[in-house]
Amino acid sequence: MSHLTSSEPNLRTTPFDTLLIANRGEIACRIMRTARLMGLKTVAVYSDADANARHVREADEAIRIGPAAARESYLNIEAVIDAAKRTGSGAIHPGYGFLSENGAFVKALEEAGITFIGPPASAIAAMGDKSAAKARMANADVPLVPGYHGDNQDDDLLRAEADNIGYPVMLKASAGGGGKGMRVVEKSEAFQAALEGCRRESKAAFGDDRMLIEKYLVQPRHVEVQVFCDRHGHGVYLFERDCSVQRRHQKVLEEAPAPGMTPELRAAIGNAAVRAAQEIGYVGAGTVEFLLDASPGQDGSFYFMEMNTRLQVEHPVTEMITGQDLVEWQLRVAMGESLPCTQDELTITGHSFEARLYAEDPDQDFLPATGQLTRFALDLAGTNLQADQVRLDSGVESGDTVSMHYDPMLAKLIVHGSDRDAALATLNRALAALDIQGVVTNRAFLQRLATHPAFKNVELDTRFIERHEATLF
Ligand code: ADP
């Protein structure tokens, strides 16, 4: 089924032949790969810390945008736009993180006549505030976690709402993000103190202390749906990913499709995600995150959590099972084309995993590691792995230096297999085939996860790592 709406088509697009990538590391390299295949000229931007980085070496042209501190370089809107103007870049791909969900950046690009590879500023704003987003989602019949997201912030009213929802509840900052301003409250007597603590934290982090309350799900799975919309009213879902394996709310190991989904549940969650996107006039690649209740006896109820208005780190697992190139889709949609496929034309083949390889030391509380990577390679010789089963999306090569300035993710190892067991076996062989020297990584931790009997057994929920600490560390 193809989703068509009667929304006014916005056909205004400016053609572009040069693409600036306002990012670094593996995602900048991954975007350039597709841009080149499509015949676009690529422009990298870099900070002083990245003057010799892989993304700079691989671009057709590279522009310095500032010192190492991200605030003065990769987050510097003026410097990025100036680089685009100097290089005749008609479009900017923001990758993920940095400026990718910054409404002011998108507005500035609109004013400068540069195409943003992403949604309109209005769609980013609609999802930026958790309370406002929930109100919009309720409007579109997207299921929400039972809770309260109203304007009235009176202490007694909030507590009455929490009592009514039933404990445990989760207090969340409306303006929140990145796991800040969130607290689980176990009982009514603890509510007031938690409220005050959360408000303080939220005020300090976001300059805003509005709160919302949700029923706290004790054993949820994190299941998210990849959606895509064009400017002609079409929207599709490219199925779901399970990202339940998280450490401190950060994803570590992801897979697609989510195990154990019935066709009915898959269609229901997919269609809810497309409704969410169309409710806010979405264009491009987006991810709608849901909590799926995984507690015993649950029927697979799912609840909207948030929408990420960008390409996700874990998009490759979706590419592996659908055979589609999501960056190509993004660029085509930005050029004003219709979606390359209808919903009926999209199918799932096999199973895929992604493991995030970080420069960090699992034995020292995951302290970020730095240094020179004297060797960094995936050595498939001597394994019986085929090149089309394994993909390494990397921002580094042998000889590169890992600095302390940015996110410590070095690369993503992505595998494909005919089913979940086959893909998991491939993941383990591929992890072993990584040859990394010079910098400490979390590889051994990833191997312990990927060989864990409970993981093989699909005993998934967002507290998987916490629950298995004894056997993982
Ligand atoms: P942020 O925007 O700060 O990342 P989210 O609302 O996306 O916050 O929640 C982050 C994580 O917290 C989720 O991935 C999930 O693991 C957990 N979480 C959020 N809401 C609930 C809830 N109602 N019940 C149980 N866990 C939750």
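Strand E3, residues 41-47, runs parallel to strand E4 and is joined to it by 5 bridges. Within this pair, Ala 44 sits opposite Ala 62 of E4. The model described here is a predicted one, and in it the two strands belong to an open, parallel sheet of 5 strands arranged in the order E4-E3-E2-E5-E6. The edges of this sheet are taken by E4 (61-66) and E6 (115-116); each has a single partner strand, so one side of each is left without a neighbour in the sheet.

Helix H3 (residues 77-87) packs on this sheet, where it touches E2 (18-21), E3, E4 and E5 (91-93). The direction of H3 makes an angle of about 150° with that of E4. Five positions in H3 deserve a look: Val 80, Ile 81, Ala 83, Ala 84 and Thr 87 are buried. They cover an arc of only 155° around the axis, which places them on the same side of H3. The buried residues of H3 pack against E2, E3, E4 and E5, and also against helix H4 (103-112). Glu 78, Lys 85 and Arg 86, by contrast, are exposed on the other side of H3. After H3 comes Gly 88, which has a positive phi, near 65°.

The loop between E3 and helix H2 (54-58) holds Asn 52. This residue has 11 other C-beta atoms within 10 Å, and a residue with 12 or fewer counts as exposed, so Asn 52 is exposed. Its C-alpha atom is separated by 48 Å from that of Ala 138, a residue 86 places away along the chain.

A second sheet follows a different pattern of pairing. This open sheet has 4 strands in the order E7-E10-E8-E9, and its pairing is antiparallel. E7 (147-148) and E9 (182-185) are the edge strands, each pairing on one side only. Strand E8, residues 169-173, is paired with E9 in the antiparallel sense over 4 bridges, and Leu 171 has Arg 183 in E9 as its bridge partner. Across E8, E9 and E10 (211-215) lies helix H8, residues 191-206, which runs at about 25° to E8.

Strand E11 (residues 220-229) offers a view of a covered strand: 10 of its 10 residues are buried. In a regular strand, side chains alternate between the two faces of the sheet. In E11, Pro 220, His 222, Glu 224, Gln 226 and Phe 228 point one way, while Arg 221, Val 223, Val 225, Val 227 and Cys 229 point the other way, and all are buried. The strand has antiparallel pairing with E14 (residues 284-293) through 10 bridges, and Phe 228 is found opposite Ala 285 of E14. E11 is also joined to E12 (residues 234-247), again antiparallel, by 6 bridges. Here Val 223 faces Asp 242 in E12. E11 and E12 form a hairpin with 4 residues between them, and in the turn Gly 233 has a positive phi of about 90°.

Turning to the nonpolar interior, the largest core contains 119 residues, and Ala 273 and Phe 290 are those with the most contacts inside it. Leaving aside residues up to four places away in sequence, Phe 290 touches Val 223 and Glu 224, along with Ile 269, Phe 302, Tyr 303, Phe 304 and Met 305. There is also a second, separate core of 14 residues, with Leu 158, Ala 162, Met 170 and Met 211 among them.

Pro 362 is located in the loop between strands E17 (360-361) and E18 (367-368). With 19 C-beta neighbours inside 10 Å, this proline counts as partly exposed. Among residues more than four places away in sequence, Pro 362 touches Asn 442, Ala 444, Phe 445 and Phe 473. Pro 168 is 194 residues away from Pro 362 in sequence, and the C-alpha atoms of the two are 31 Å apart in space.

Taken as a whole, the protein has 16 helices and 24 strands. Its radius of gyration is 22 Å, close to the 23 Å that the globule rule gives for 473 residues, so the protein is as compact as a globular protein of that length. Along the principal axes, the C-alpha atoms fill a box of roughly 60 × 55 × 45 Å. Buried residues account for 47% of the 473 residues. Of the contacts between residues at least 6 apart in sequence, 67% join residues at least 24 apart.

Conventions. Residues numbered from 1 in each chain as written. Predicted model: local features only at pLDDT ≥ 70, side-chain atom pairs only at ≥ 80, totals over all residues. Pairing = 2+ DSSP bridges. Contact = placed C-beta atoms within 7 Å. Axes fitted to C-alpha atoms, helices over the stretch in contact; angles between N-to-C directions. Buried ≥ 20, exposed ≤ 12 C-beta atoms within 10 Å, placed from the backbone. Arc of directions from axis to C-beta. Rg over C-alpha atoms; globule rule 2.2 N^0.38 Å. Core = buried A, V, L, I, M, F, W, Y, C linked by C-beta atoms within 7 Å.
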